[in-house]
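Visitor: I should like to learn how the architecture of a protein model is read, feature by feature. Where should one begin?

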Amino acid sequence: MRRSAPLVSVLLPVRDALPYLRSSLDSLWRQSLADFEVVAVDDGSTDGSGEALERAAADEPRLRVLHTSPRGVPRALNRALAHARGRFIARHDADDLSHRDRLRLQVEHLVGSVGTDVLGCRMRLFPAAEVGAGMRRYARWHNTLLRHEEMAHERWVESPLAHATAMMRREVLERAGGWRERGWPEDLDLWMRLFARGARFAKLERTLYAWRQHPASATRRNPAFSPGRFLALRLHYLGRDFLARRPGPVALIGTGRSGARWGSSLRAQGATVVYVEARSPQALFGRGGTARAGPGSTPGPPLVLVFGAAPARARWREALRAQGLSELQDFVFVA
């Protein structure tokens, strides 16, 4: 007899994850929500991960295993989605751990909050010896972004929602076309498309996901996550979703090498850029908040501000709003 469809389908791409696979799966089997399936795609593993998945499936009926040649995470996820039966689609990576209440709490939120389409949670990094300074900064920033507006405003800075923490409404994901292989980070590419389509994001305050750090992880070794490809992604969606709606010269505000890099990159895309070097809002507007006239003043929207530090963005955001400017309409932040 065919089993009824589960409430949640957890999509699990696997590529040479044997050292971590058992503990990762065990964290799913311990979930306080029982009504889920795991659709695992062995994406051309050569370390025995595929065989380990088959052995695990023999003991756990909620695990379904698919095997493919090595095609990459976006295609593996789309293959898993095509075989998934759940109402909600969750992500989980083969080297990470989910808190036992993760799926239950995310389902409860999505059922009770019909306006939320994509739901993450706070996460932690482990083991401590493998966590670099950059990832620590990312985790702190990620865990402060809980509301939709916070994530939408920061999406050209970094990925505002860690991919594997997400649970999504199936119909929203399918309408967006699932994941795409563009040679850049597939998670931020999906978030950009969902934001543009009006999907609503949220993040649970609890820390319900543990992201393992190790030298062989995709974020360290996959060329799609290189700074150049990440910049290409942001430039593409900046042009499509912001600059295309505000034709005319771009006022680029920033300092140092980051500002110069964005200036040259935008010009290479065909934009007319007026570069304004300013470290603080006071340097541009004065302490009284009145825009200065003459050389060095901003010509007005669209404004692209290049500031990597969150406190700097907060100061500029307050000053620009005091000028009557609206984020995502008149100005955006990049890093």
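Guide: We may begin with the rule for strand pairing: two strands pair if DSSP finds at least two bridges between them. On that basis, this predicted model contains an open sheet of eight strands, ordered 3-2-1-4-7-6-8-5, with mixed pairing.

Visitor: Which strands are the edge strands of that sheet?

Guide: An edge strand pairs on one side only, and here that description fits strand 3 (63-68) and strand 5 (97-98).

Visitor: How many bridges join strand 6 to strand 7, and in which sense do these strands run?

Guide: Strand 6 (residues 118-126) and strand 7 (residues 167-169) run antiparallel and are joined by two bridges. As for individual residues, Val118 has Met168 of strand 7 as its bridge partner.

Visitor: Which strands of this sheet does helix 2 touch?

Guide: Helix 2 packs on the sheet through strand 1 (8-14), strand 2 (36-43) and strand 3, and the direction of helix 2 makes about 155° with that of strand 3.

Visitor: How is the packing of helix 1 and helix 2 to be described?

Guide: One states the approach of the axes, the crossing angle and the handedness. The axes of helix 1 (residues 18-29) and helix 2 (residues 49-59) come within 10 Å and cross at roughly 25°. Angles under 35 degrees count as roughly parallel, and helix 1 and helix 2 are therefore roughly parallel to each other. Their crossing is right-handed. Helix 1 contributes Leu18, Leu21 and Leu25 to the contact, while helix 2 contributes Ser49, Ala52, Leu53 and Ala56. By class, the residues of this contact are six nonpolar, one polar and no charged.

Visitor: What angle do helix 8 and helix 10 make where they pack?

Guide: Helix 8 (residues 186-196) and helix 10 (residues 227-241) pack at about 10°, and their axes are 11 Å apart. This pair, too, is therefore roughly parallel. On helix 8 the contact involves Leu188, Asp189, Met192, Arg193 and Ala196; on helix 10 it involves Phe230, Leu233, Tyr237, Arg240 and Asp241. The residues of this contact divide into six nonpolar, no polar and four charged.

Visitor: What is the strand order of the open sheet of four strands?

Guide: Its order is 10-9-11-12, and the pairing is parallel. Strand 10 (273-277) and strand 12 (331-334) each have a single partner strand, so one side of each is left without a neighbour in the sheet. From one strand to the next, the twist averages 25°. Strand 9 (residues 250-254) pairs with strand 10 over five bridges in the parallel sense; within strand 10, Tyr275 is the bridge partner of Leu252.

Visitor: Which strands do helix 11 and helix 13 meet?

Guide: Helix 11 (residues 256-268) packs on the sheet and touches strand 9, strand 10, strand 11 (303-306) and strand 12, with its direction at about 175° to that of strand 10. Helix 13 (residues 310-322) lies across strand 9, strand 11 and strand 12, and runs at about 175° to strand 12.

Visitor: Finally, how does one judge the chain as a whole?

Guide: One counts the elements and considers the dimensions. The protein chain has 13 helices and 12 strands. Its C-alpha trace spans about 75 × 40 × 35 Å along the principal axes. For 335 residues, a compact globule would have a radius of gyration near 20 Å, and the 22 Å of the protein chain agrees with this.

Conventions. Residues are numbered from 1 along each chain as its sequence is written. This is a predicted model: local features need pLDDT of at least 70, side-chain atom pairs count only at pLDDT 80 or more; totals for chains, interfaces and linings use all residues. Side-chain values use heavy atoms; hydrogens and water are left out. Axes are lines fitted to C-alpha atoms, for helices over the stretch in contact, and angles run from 0 to 180 degrees between N-to-C directions. Angles under 35 degrees count as roughly parallel, over 145 as roughly antiparallel, 65 to 115 as roughly perpendicular and the rest as oblique. A crossing is left-handed if the near helix is turned anticlockwise from the far one by less than a right angle, and right-handed if clockwise. Contact means heavy atoms within 4.5 Å. Ala, Val, Leu, Ile, Met, Phe, Trp, Tyr, Cys and Pro count as nonpolar, Asp, Glu, Lys and Arg as charged, and the others, Gly among them, as polar. The radius of gyration is taken over C-alpha atoms; the globule rule is 2.2 Å times the number of residues to the power 0.38.
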